[in-house]
Structures are given as C-alpha cells and as structure tokens.
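Work through the exercises below with the sequence and the model side by side, and try each task before reading its solution.

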Amino acid sequence: MATMTKAQAKTRLKKLAPDSSLRDCPVCGDHIYDTDPDDSWEYVKTKRGSEIFIHSFCVKHWGSNMSKKELSKLRELSDF
C-alpha cells in the first residue's frame, strides 16, 4: 500500500473547495484550513477510499463521549 507524504496530503487539502465538508474534522466539527500548521492535522484514506482530514489533537479523543463543542474548546486551549 502506498502512503501519502504530508506535502501530498497538503496538496490534496488545497484542491478541495474551501467550503467542502471534507475539510471538517469529524471529531470536533471545526474546519481545517490550508494555512493551518502541518503538524496540527492528519490525513487518513480508508480501505473504501474515503478521505478524512482530522486534527492531531482530536485523534486521541475520537470515540469519546465528549460533545463536539467541548472538544472544540479543549482543542483551542491545548498547545496543538
């Protein structure tokens, strides 16, 4: 399986329309922008071919019982 480099993932993010829902983090619901630092988000491509952009901080909290609003505030307060 071929893996995608961070530069290739950033190019993929830039090709998406600015208002695309694919740019929304599935955990906290916040938008991921081209200008966000590279270490603040991750790219995942599933076996089915779905593409997911997710904040690095949110990876740890995926599946938790916290609401999107709570996670969003927690992410803003963290050092990420």
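**Exercise 1. Determine which residues of α3 are buried, what covers them, and which residues the opposite face carries.**

Solution. Begin with the cover: among the elements in contact (heavy atoms within 4.5 Å) with the buried residues of α3 are β2 and α2 (56-59), where helices (H or I, at least four residues) and strands (E, at least two) are DSSP runs numbered from the N terminus. The model is predicted, so local features need pLDDT (the predictor's confidence in each residue, from 0 to 100) of at least 70 and side-chain atom pairs count only at pLDDT 80 or more, while totals for chains, interfaces and linings use all residues. Residues are numbered from 1 along each chain as its sequence is written, and side-chain values use heavy atoms, with hydrogens and water left out.

Next, list the buried residues of α3, taking buried as under 20% relative accessible area, exposed as over 50% and partly exposed as in between (1.4 Å probe, protein chains only): they are Leu-71, Ser-72 and Arg-75. These residues lie on the same side of α3 because they cover an arc of only 100° around the axis, the arc being that of the directions from the helix axis to the C-beta atoms. Finally, the face turned away from this buried side carries the exposed residues Lys-69, Lys-73, Glu-76 and Leu-77.

**Exercise 2. Trace the side-chain partners of Ser-72 and Arg-75.**

Solution. Ser-72, in helix α3 (residues 68-77), has a relative accessible area of 10%, and its side chain makes a polar contact with the side chain of Asp-30 at 2.7 Å. A polar contact is a pair of N or O atoms within 3.5 Å; within protein, one must be able to donate a hydrogen and the other to accept it, and residues adjacent in sequence count only if both atoms are side-chain atoms.

Arg-75 forms a salt bridge (a side-chain nitrogen of Lys or Arg within 4 Å of a carboxyl oxygen of Asp or Glu) with Asp-30, the closest N and O atoms being 2.7 Å apart. Since Arg-75 lies in helix α3 and Asp-30 in the loop between α1 and β1, the pair ties together parts that are 45 residues apart in sequence.

**Exercise 3. Which salt bridge does Arg-12 form, and is each partner buried or partly exposed?**

Solution. The side chains of Arg-12 and Glu-51 meet in a salt bridge of 2.7 Å, N to O, linking helix α1 to strand β2 across 39 residues. Arg-12 counts as partly exposed at 26% relative accessibility, whereas Glu-51 is buried at 19%.
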